[in-house]
Amino acid sequence: MKYRHPDDGLALHTDYYQINMAQAYWEDNIHEKKAVFEVFFRKLPFGNGYAVFAGLERVVQYLENFRFTESDIEYLRELGEFSEGFLNYLKGLRFTGTVRSMREGEIVFAGEPIMRIEAPLIQAQIIETAILNIINYQTLIATKASRIKQVIGDELAMEFGTRRAQELDAAIWGTRAAYIGGFEATSNVRAGKLFGIPVAGTHSHSMVQAYRDEYEAFRSYALRNKNCVFLVDTYDTLKSGIPNAIRVAKEFGDKINFVGIRLDSGDLAYLSKEARKMLDEAGFHKTKIYASSDLDEYTILHLKSQGAKIDAWGIGTKLITAYDQPALGAVYKMAAIEEDGKFVDTIKISSNPEKVTTPGLKKVYRIISKTTKKAVGDYIAMEWERPEKEKTLKLFHPTHTYICKYVSNFEIYDLHHEIFKDGKLVYSLPPLKEIQNFVKSNLQMFWEEYKRSLNPEHYPVDLSQACWDNRMNNIKKIKQQFS
Ligand SMILES: Nc1ncnc2c1ncn2[C@@H]1O[C@H](COP(=O)(O)OP(=O)(O)OP(=O)(O)O)[C@@H](O)[C@H]1O
Ligand SMILES: O=P(O)(O)OC[C@H]1O[C@H](OP(=O)(O)OP(=O)(O)O)[C@H](O)[C@@H]1O
Ligand SMILES: O=C(O)c1cccnc1
C-alpha cells in the first residue's frame, strides 16, 4: 500500500466530486469567479439549547497550508480523468479568499452562518469537505463537553476517551474541543504537549493485576508518584480496594499526596457514599472520590440526585464519540456568486421549508438587552443593513412569521470576525485557555432556560425583514421560471 508520501498534504482531503467540478469550472473559465459559501447546521445536537463552536484553529492551519503537492498531482494524474493543463493549474493553487467566522468558543445556534468564505469558486469548492469535516466534529464534541460540564458544575471534569475515539486525530482534536467545552484535564499526553492542556490520571486495573496483589500495586505506585489516586474496584471496592488504599496512604504519610480513589464499576452512588465514610473515618477528609464507567450527562445527573459523593469525573466513550448523536450535520451552502463583477444571490430550493437556503451577502448579530445584559436573540441581516443604528428591531420567526417581538434598548454585535483577507491571515489565534474562558463568560450571557439539559427553551435566530423579503423574492423568481 502506498500510504507513505513524504510530501503528503491535506488538499486531497476532499471529495472526488469537488475535483471533478473544479476541472469543469477551470475548463469553462469560471473558476476565478468569486463565490460566497456559508457554514451552518440545521438542528442543535443532543437536544441541547446551544452549541459551542470549535474548529477554527485547524481550519486556519488547513487554509494556510493549502496546496497540492507533487505526489498529490501525480496521484490525480494516475486517475486519468484530469488534463495536464488543469493539473498544472492545481500545482500553483493557494487559498486567496476572505474568511469571516465566529470565534472559537462562540455560542452558536441552528440556522446561523458560523463561517463565511468568499473565494474564487474553484478554491471555495475544493475546501468544502475539509472545512465541514473539521467543524462538524470539533463543534459536536465541544458542545457535548459543555453539556456534560453544565451538569458536573464546579467539580473536576477529565477527558478519558482516547482509547475509544474514532482514531488518532479524533482523540487529539476531540480532546482539545472537550477542553474548549469546559473540561479541565485530559489523559492524552500528546494533547497535553500539543495544546498545553493539563494532563491527569490514575492507574488501571492491569497494574493491580500485574502485581497480583492490590496492596503491592498501590505501594509500588506510591513509591514512584507523589500524587496518588488509587483505583479501588479491581477485586472488592469496600472490603479490599479502599482498605488497601488507606493502608498505603497511612504507611507513606507525608511522602505522598493521597489525592483520591477511583471507582470504575458497581453502584457508584452507594460506593461513593460508603467510600466517603471510610476515608473520613480514617482522617482523609481531603481525599477525593473519582468516578468513571460509561458516564454521560444523564448518569451524572442521576448520580447527583442520589447524593453520590463524587468529586471528580472521568469521561471517555460517551464524550469523545458523541455517542448519542455522532453527527452535527453542518452544511456548506452557496449564498452568492460573482456575475459581471458584482455578487448575485444564489439559492437552493427544497420541498422542506427548513432546507431552503437564505441567499445573499449577510451578517449575523447577537442582540443583548441593555437592561438585563442577557442575549435576546440572534439576527441575520443583509450586509448593507445597519441594525446597530435602529432604535427598535422586529424579531420574527423565519418560518412561523406571526411569532414576533420588538426589541429596543439593546446592544448589538457582529458575531463574525475577519480571519483571512484575500488569502492573508489577519486574525491572531487566541491561546486555548482564553477560548475556554470565553465559553464560560459567553454562557453567562444566556438565560438558564436556554442552558438546561432537558427540553431547553428555543433561542431565537431570526432574519431581518430585508433578509426575509430577499429570500422570498428569490424563491418567487425560481418558482416563476418553472411555472
Ligand atoms: N447509582 C447509579 N445510578 C445510575 N447509574 C449508575 C449507578 N452506578 C453506576 N451506574 C452506571 O451504570 C452502568 C453500569 O455499567 P455495567 O453494567 O457495565 O457495570 P459495571 O459496574 O461498570 O461493571 P464492569 O465495569 O465490571 O463491567 C454504567 O454506565 C455506570 O456509570
Ligand atoms: O468508561 P469511559 O467513559 O469510556 O471511560 C474510559 C474508561 O477507560 C478505562 O477502562 P478500560 O476498561 O479501558 O481500562 P481499565 O482496565 O484501566 O479500566 C477506564 O477505567 C474507564 O472506564
Ligand atoms: O487515568 C485514568 O484513570 C484513565 C485514563 C484513561 C482512561 N481511563 C482512565
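**Entry 1: ligand 2**

I sorted the shell around ligand 2 by residue class and found three nonpolar, eight polar and five charged residues. I was working on a predicted model. Next I asked how many residues surround ligand 2. I found 16. The closest are S204, H205, S292, G316 and T317. Then I looked up which elements supply at least two residues of this shell. They are helix 9 (205-211), strand 11 (312-315) and helix 14 (317-320).

**Entry 2: ligand 1**

I moved on to ligand 1 and listed the residues around it. One run is S265, G266, D267, L268 and A269. I also noted S293, D294 and L295. T299, H302, L303 and Q306 complete the list. Two elements give two or more residues to this shell: helix 12 (268-281) and helix 13 (297-305). Which helix gives the most? Helix 13 does, with three residues. By class, I noted four nonpolar, six polar and two charged residues around ligand 1.

**Entry 3: the domain record**

I checked UniProt for a domain. An unreviewed entry there lists residues 158-348 as "domain: Nicotinate/nicotinamide phosphoribosyltransferase". I then looked at the chain over residues 158-348 and found 43% helix and 19% strand. The end C-alpha atoms of this stretch are 43 Å apart.

**Entry 4: strands 1, 12 and 13**

I turned to strand 12, residues 331-339. I asked in which sense strand 12 pairs with strand 1, residues 34-40. The pairing is antiparallel, over six bridges. I picked out one bridge: V39 has Y332 of strand 12 as its partner.

Strand 12 is also joined to strand 13, residues 342-345, by four bridges. These two strands run antiparallel. Here I noted that K342 in strand 13 is the bridge partner of E339. Strand 12 and strand 13 form a hairpin with two residues between the strands. I looked up D340 in this hairpin and found a positive phi near 45°.

A reminder to myself: side chains in a regular strand alternate between the two faces of the sheet.

**Entry 5: helices 10 and 11**

I recalled how packed helices are described: by the angle between their axes and the distance between the axes. I looked up both values for helix 10 (residues 214-224) and helix 11 (residues 237-252). The angle is about 40° and the axes are 9 Å apart. Why do I call this pair oblique? Angles under 35 degrees count as roughly parallel, and 65 to 115 as roughly perpendicular. An angle of about 40° fits neither range, so helix 10 and helix 11 are oblique to each other. Last, I checked the handedness. Helix 10 passes helix 11 in a right-handed crossing.

Technical notes: Residues numbered from 1 in each chain as written. Chains lettered and ligands numbered in written order. Predicted model: local features only at pLDDT ≥ 70, side-chain atom pairs only at ≥ 80, totals over all residues. Near = placed C-beta within 6 Å. Nonpolar A, V, L, I, M, F, W, Y, C, P; charged D, E, K, R; others polar. UniProt positions renumbered as here; feature names shortened; annotations may be inferred. Pairing = 2+ DSSP bridges. Axes fitted to C-alpha atoms, helices over the stretch in contact; angles between N-to-C directions. Parallel < 35°, antiparallel > 145°, perpendicular 65-115°, else oblique. Left-handed = near helix turned anticlockwise from the far one by under 90°.
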